[in-house]
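Thank you all for making the time this morning. I would like to walk you through one model, beginning with the ligand site and moving on to the sheets and a few unusual backbone spots.

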Amino acid sequence: MYAERIANLKSSAIRDILKHMSRPGMIAFAGGSPAPELFPVAEIAVACEQVLSKYGPTALQYSITEGLVVLREKLVSKLAANGLGMSTDNVIITQGSQQALDLISKLFIDKDSLVFTENPSYLGALQAFRMFQARIAAIPSDSHGIDVEALRKQLRVERPKFLYIMPNFQNPTGVTYSLERRKALVAAAIEHDLLIVEDDPYGELIFEGERLPSLFALAKGKNVIYLSSFSKTIAPGFRVAYTAGDAEMLKKMVIAKQGSDLQTNTFGQYIVNEYLESGHYQTSIDVIRDTYRGRRDAMIAAMEQEFPSALAWNRPSGGMFLWVTLPTRWDAKEILERCLEQNVAFVPGQEFFPDGSGRNTLRMNFSSPSLGNIGEGVKRMGKVLKEIRG
Ligand SMILES: Cc1ncc(COP(=O)(O)O)c(C=O)c1O
């Protein structure tokens, strides 16, 4: 009865874990949500009023599939600041970056089409690619990003439709690509005529160090489709994100989008546009960065105190996640079962690995729990971890 593409899909384990999250007293390091107390509620209320008084019914009417011209013009200026000479033909607005991943899948993936990803990769992207029955091959990755030599070797054997990567504060690992790695990857992409889908929802959430150029900027727009989103910098409820790239390719994405939802919601786009004009955006990003930096530091300090020394973790310089590696024989899923009994949750890493490895890894989210809950939750996890004999 169902289409072939649906038959083999299974529900995400993260969704299953999230079912436990509403339990009283649960401390969740499992989600991927921004801190709701930092949403600019008062400023958005002002923006709403201004949108309605400035644009009236137009703000509530259907609008074009590509997205509001005024908003796209701002995004073109943002790209121009990074040295990219683009026009509004090079930018479209999507209903979250997740929709862009779906539309890109529609454009490029037939049954058994090959897609390269990092190992591990973002689950939502893997789900989008799998929906179109892609064959996913994970390229080995280290603490500076994807292994470009391994990629080149693989490219000599088989050609993927595209390579999907997150160079800034990756989900799930928090890893950021070094400048050398970015340049090497762009060089490999141009040499092998490889299309890269660069997903960058976290780039603005940088805590320290210098913000590195996107692959899209380094490649001067060639061979790269760039995705970013206002979900983590304003609020995910708007579902406003954008894709930048080759104008011809975007025209095809627009046709695919028409069949999905006609357009991204007009009112939300106007509010995001008004909010960007209000000048609050940068101030709010500074507060988000300071808060998340403090939470990351608190989580690491607590882990140093509470976790057994056999565990290792990284110190991401931005984003919302950090990544823990357990001793090889440990199983994060079993540990999660015990942690749920103690009312604390994280995401076992294995699902993020297209090659099925990573049983002994886990992802911790530091953006949404309070400082108090970070301390208490890590303590609860530490108690469980200390009881494991491996
Ligand atoms: C890497 C990555 N890409 C895309 C998304 C989807 O974001 P949105 O659809 O809210 O823009 C997320 C959400 O967590 C993400 O982590």
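Before I quote any distances, let me fix one term: when I speak of a polar contact, I mean a pair of N or O atoms within 3.5 Å of each other. Please also keep in mind throughout that this is a predicted model.

With that cut-off in hand, consider Ser229, where an N or O atom of the side chain lies 2.6 Å from an oxygen atom of the ligand, so that this pair counts as a polar contact under the 3.5 Å limit. The side chain of Tyr202 likewise brings an N or O atom to 2.6 Å from a ligand oxygen atom, while Gln98 takes part through its backbone, with an N or O atom 3.0 Å from an oxygen atom of the ligand. As for how much of the ligand is covered, on its own it has 400 Å² of accessible area, and the protein covers 92% of that.

Which pocket holds the ligand? It sits in the largest pocket, and 14 residues surround it, the closest being Ser97, Asp199, Tyr202, Ser229 and Ser231. If we sort that shell by class, we find 5 nonpolar, 6 polar and 3 charged residues. Which helix gives the most to the shell? That is helix H5, spanning residues 96-108, which supplies 3 residues.

Let me turn now to the sheets. One of them is an open sheet of 8 strands with mixed pairing, and its order reads E2-E9-E8-E7-E6-E3-E4-E5. Its edges are strand E2, at 91-95, and strand E5, at 145-146, each of which pairs on one side only. At the E5 end, strand E4, residues 135-142, pairs with E5 in the antiparallel sense over 2 bridges, and Ser141 has Ile146 in E5 as its bridge partner.

There is also an open sheet of 4 strands, ordered E10-E11-E14-E13, in which the pairing is antiparallel. Here the edge strands are E10, at 312-313, and E13, at 347-348, again each pairing on one side only. Between those edges, strand E11, residues 321-325, runs antiparallel to strand E14, residues 361-365, and 5 bridges join the two; within this pair, Phe321 stands opposite Asn365 in E14.

Finally, the backbone. As background, most residues other than glycine have a negative phi, and most peptide bonds are trans. Against that background, where are the cis peptide bonds that I would like you to look at? One joins Asn119 and Pro120, with omega at about 10 degrees, and Pro120 falls in the loop between strand E3, at 114-119, and helix H6, at 123-131. Another joins Asn171 and Pro172, with omega at about 25 degrees, and Pro172 lies in the loop between strand E6, at 162-165, and helix H8, at 179-192. Beyond the peptide bonds, Asp193 has a positive phi, near 50 degrees, although it is not a glycine, and this residue belongs to the loop between H8 and strand E7, at 196-199.

Definitions and conventions: Residues numbered from 1 in each chain as written. Predicted model: local features only at pLDDT ≥ 70, side-chain atom pairs only at ≥ 80, totals over all residues. Heavy atoms only, no water. Near = heavy atom within 4 Å. Polar contact = N/O pair within 3.5 Å; in protein donor to acceptor, adjacent residues only side chain to side chain. Areas by Shrake-Rupley, 256 points an atom, 1.4 Å probe, with all protein chains shown as cover. 1 Å grid on protein atoms, 1.4 Å probe; cavity = no way out; pocket = protein on both sides within 12 Å on 5 of 7 lines; lining within 4 Å. Sits in = over half its atoms within 2 Å of the grid points. Nonpolar A, V, L, I, M, F, W, Y, C, P; charged D, E, K, R; others polar. Pairing = 2+ DSSP bridges.
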